[in-house]
Amino acid sequence: MWFPEGRNPMACSLPAPKRGAVDYIISPTYDVWVKERQDFPARISPRRVKGRTMFEVKVNRTRLGAAISMMSVIYHATVYDLRKTHPNALIGLMINIFQSLMMVAVFYVMMSVLGLRSSALRGDFLLYIMSGVFIFMANIKTMKAVSSAAGPTSSMMLHGPMNTLVSIIAAALGALYVQILSIIVILIIYSLAVNPVEIHDPAGASMMLFLGWFNGVSVGIVFMALKPWFPQFTAMASMFYMRVNMFASGKMFVANTLPFFMLALFSWNPLFHIIDQARGFAFINYFPHYSSWQYPLIVSIVLTFLGMMGDSYSRKYVSASWDARR
């Protein structure tokens, strides 16, 4: 039987070949074969790709390099999250604009039919409705995006740079980007076609929009941390949160016009305080006395820490077999 040279560890020597037969290659001894196996990887030159070997692990030497690398991963994850809703970015934006316009139209007709226009503020009635709808949509859309972000058992976590923190930030930034772009487009169209938009304090109103977005992020993180343990309960709780905030967020009224027994029904909701404060910044003749922006900020920070602690605990014990079992 013929063996390549140096590849038969069991045979130390072979008998001499017969005359006229095919020449055999005598295998070396076992210690020579072992030495050859030990030297074999050293004789292979790793293929280099753009100055690095294919077996090299990229290590960030500085904190700045690590931050830049993390920002790059967040950027690509955000783009991926935006493209999940629709492959065409323009159509996805138009769908979100259409949803916001539909909600504004529904509340406009509802308040006109029910005779609630007299309880609104003096000023642009449509701007009064949009000030509540925009913050509500930013809060709800962000909560939904963050709560449904890629978890520890998702296939996206198989990629080395990915983790749940990157997934949460990408979902939150994607929702914020779409909402801000939709608000800008709607306000520009409304200002050119219907009535010029006048906002008393644009910076304060913008900060309330960001606060509503941050509150949606905090609530979404809590739902995301609970999802691996109670998936059905989390789905029902997030749906209940959205349905309750349709009325408890205070889009159709302001806190100054409510009696005290009704004010107690809405003052627990951070979104109610955010929308009421936003109208105080948007309209020059409204001063909110029964709401504050500090309360929703503190609640959002506490919920964010609780959600991150729950997500860290879930990542240690969650298993992909839980979903298969269910």
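These legends describe several close-up views of a predicted model.

**View 1. The whole chain, mostly built from helices and ending in a run of them.** The chain has 11 helices and 2 strands. From the N terminus, the order of elements is α-β-β-α-α-α-α-α-α-α-α-α-α. The chain counts 326 residues, and 38% of them are buried. Its accessible surface comes to about 20200 Å². Carbon and sulfur atoms make up 68% of that surface. Now look at the contacts with a separation of 6 or more: 71% of them join residues 24 or more positions apart.

**View 2. The largest nonpolar core of the chain.** This core holds 48 residues. Which members touch the most other members? They are Tyr-128, Ile-129, Met-130, Val-133, Ile-135, Phe-272 and Phe-283. Several elements give two or more residues to the core: helix 3 (89-113), helix 4, helix 5 (164-193), helix 6, helix 7, helix 8 (260-266) and helix 9 (270-282). Helix 4 gives the largest share, 13 residues. A second, separate core has 12 residues. Among them are Ile-168, Ala-175, Val-217 and Ile-221.

**View 3. Ile-135 and its contacts.** Neighbours within four places in sequence are left aside here. Ile-135 is then in contact with Met-208, Leu-209 and Gly-212. Its other contacts are Leu-271, Ile-274, Ile-275 and Ala-278. Ile-135 is also one of the residues that touch the most other members of the largest core.

**View 4. Ser-147, a buried residue in helix 4.** Helix 4 spans residues 125-147. Is Ser-147 buried or exposed? Its relative accessibility is 9%, which is under 20%, so Ser-147 counts as buried. A polar atom of its side chain lies 2.9 Å from the backbone oxygen of Met-143. Beyond its neighbours within four places in sequence, Ser-147 is in contact with Gly-220, Phe-223, Met-224 and Lys-227.

**View 5. Asn-269, in the loop between helix 8 and helix 9.** Loop residues can be buried or exposed, so which is Asn-269? Its relative accessible area is 2%, under the 20% limit, so Asn-269 is buried. The side chain of Asn-269 reaches the backbone nitrogen of Leu-271 at 3.2 Å. Not counting residues up to four places away in sequence, Asn-269 touches Asn-245, Ala-248, Ser-249 and Tyr-295. Tyr-295 is 26 residues away along the chain. The C-alpha atoms of Asn-269 and Tyr-295 are 9.5 Å apart.

**View 6. A nonpolar patch on the surface.** Which residues form this patch? They are Trp-229, Phe-230, Phe-233, Met-236, Tyr-313 and Tyr-317. Together they have about 700 Å² of accessible area. Helix 7 (231-248) and helix 10 (294-317) each give two or more residues to the patch.

**View 7. Trp-229 and Ser-314, two residues in contact.** Trp-229 lies in the loop between helix 6 (202-226) and helix 7. Its relative accessible area is 32%; this falls between 20% and 50%, so Trp-229 is partly exposed. Trp-229 also belongs to the nonpolar patch. Ser-314 is found in helix 10. With a relative accessibility of 2%, Ser-314 counts as buried. Leaving out residues up to four places away in sequence, Ser-314 touches Ala-225, Pro-228 and Trp-229.

Key. Residues are numbered from 1 along each chain as its sequence is written. This is a predicted model: local features need pLDDT of at least 70, side-chain atom pairs count only at pLDDT 80 or more; totals for chains, interfaces and linings use all residues. Side-chain values use heavy atoms; hydrogens and water are left out. Patches are made of residues with over 30% relative accessible area and no salt bridge: like charges are joined within 9 Å, nonpolar side chains (Val, Leu, Ile, Met, Phe, Trp, Tyr) within 5 Å. Accessible areas come from the Shrake-Rupley method with a 1.4 Å probe; for residues, only the protein chains shown count as cover. A salt bridge is a side-chain nitrogen of Lys or Arg within 4 Å of a carboxyl oxygen of Asp or Glu. Helices (H or I, at least four residues) and strands (E, at least two) are DSSP runs, numbered from the N terminus. Buried means under 20% relative accessible area, exposed over 50%, partly exposed in between (1.4 Å probe, protein chains only). Contact means heavy atoms within 4.5 Å. A polar contact is a pair of N or O atoms within 3.5 Å; within protein, one must be able to donate a hydrogen and the other to accept it, and residues adjacent in sequence count only if both atoms are side-chain atoms. A nonpolar core is a set of buried Ala, Val, Leu, Ile, Met, Phe, Trp, Tyr and Cys residues joined through side-chain atoms within 4.5 Å.
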